[in-house]
Amino acid sequence: MVRNIGIRETVDSDTVQSVSRRLLTAAWVVVVLALLTLVPGIDRVVPQTSVTSIAVLGAVASLAVVGLLLYAAPKVAALVRMALHGPRRVVENIASAAYWLVVLGGVLVAHRGLAGVVVPLLGGRAWLHDTGFLLLAVPVVAVVGTRLYASLGPGSRLLAETVTANESSADAQSEAERS
């Protein structure tokens, strides 16, 4: 018996709309921030600090994007669950990996977006910023790796069943054609 993993023809429209709205909103934030970089004087240093105005706006925009990504992460996992069919264990591992990949994206966006504000304030101790985000990112990568690793065995069995079933049906079809 072949239990293929595949993509369903339909998924819940409301979930797709919700996820796409969040991701489009994040893209909108990035576009608006890019346009703000063109505004005269945006690169001036904020008085009494070594931080520029655009760095502050970038940090705020980054936090907004991170919030949108974290809000969208469970919905992305739900979409993956709805879109895939196959053994529950494999689908659940893939959905979990998708969730944590979106969370990792949020951590990486926060690291890059906050660097413009945090690094100048830390002076020669910029490594603290990197270390903090390293400590946030490594466990997330470990979870993604664990979920993907857990899918290797069942995934290889599914692949073997699919390939051998396709070979068997192809052999049977060519045998029938010869008769």
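Let me begin with one residue, Asn-93, which is buried, with a relative accessible area of 5%, and I should say at once that what we are looking at is a predicted model. Asn-93 sits in helix H3, which covers residues 88-122, and, if we leave aside residues up to four places away in sequence, Asn-93 touches Arg-147, Ala-150 and Ser-151.

With that residue in mind, let me step back to the chain as a whole. The protein chain has 4 helices and 2 strands, and, reading from the N terminus on, these elements follow the order β-α-α-β-α-α. Of the 179 residues in the protein chain, 28% are buried, while the area that the chain exposes comes to about 11300 Å², with carbon and sulfur atoms supplying 66% of that area. As for contacts, if we take those with a separation of 6 or more, 74% of them are between residues 24 or more positions apart.

Now to helix H1, which runs over residues 13-36. What span should its 24 residues give at 1.5 Å a residue? The expected value is 34 Å, and the end C-alpha atoms of H1 are 34 Å apart, so the two agree. Which residues of H1 are buried? They are Thr-15, Ser-18, Val-19, Arg-22, Ala-26 and Val-29, and the buried residues of this helix pack against helix H2, residues 53-83.

Leu-35, which also lies in H1, has a relative accessibility of 53% and therefore counts as exposed, the cut-off being over 50%. Together with Val-31 and Leu-38, Leu-35 forms a nonpolar patch on the surface, and the three residues have about 320 Å² of accessible area together.

Let me finish with the aromatic rings. How many aromatic pairs does a search of the whole structure find? The search finds 1, and this aromatic pair is formed by Tyr-99 and Trp-100, with 5.0 Å centre to centre and 85 degrees between the planes, an arrangement that is edge-to-face. Are these two rings' residues buried, exposed or partly exposed? Tyr-99, at 26% relative accessibility, counts as partly exposed, and Trp-100, with a relative accessible area of 27%, is partly exposed as well; both values miss the buried class because that class requires under 20%.

Note on methods. Residues numbered from 1 in each chain as written. Predicted model: local features only at pLDDT ≥ 70, side-chain atom pairs only at ≥ 80, totals over all residues. Heavy atoms only, no water. Patch = residues over 30% accessible without salt bridge, like charges linked within 9 Å, V, L, I, M, F, W, Y side chains within 5 Å. Areas by Shrake-Rupley, 256 points an atom, 1.4 Å probe, with all protein chains shown as cover. Salt bridge = Lys/Arg side-chain N within 4 Å of Asp/Glu carboxyl O. Buried < 20%, exposed > 50% of the residue type's maximum accessible area, 1.4 Å probe, protein only. Contact = heavy atoms within 4.5 Å. Expected span 1.5 Å × (residues − 1). Phe/Tyr/Trp six-rings, centres within 6.5 Å; stacked < 30°, edge-to-face > 60°.
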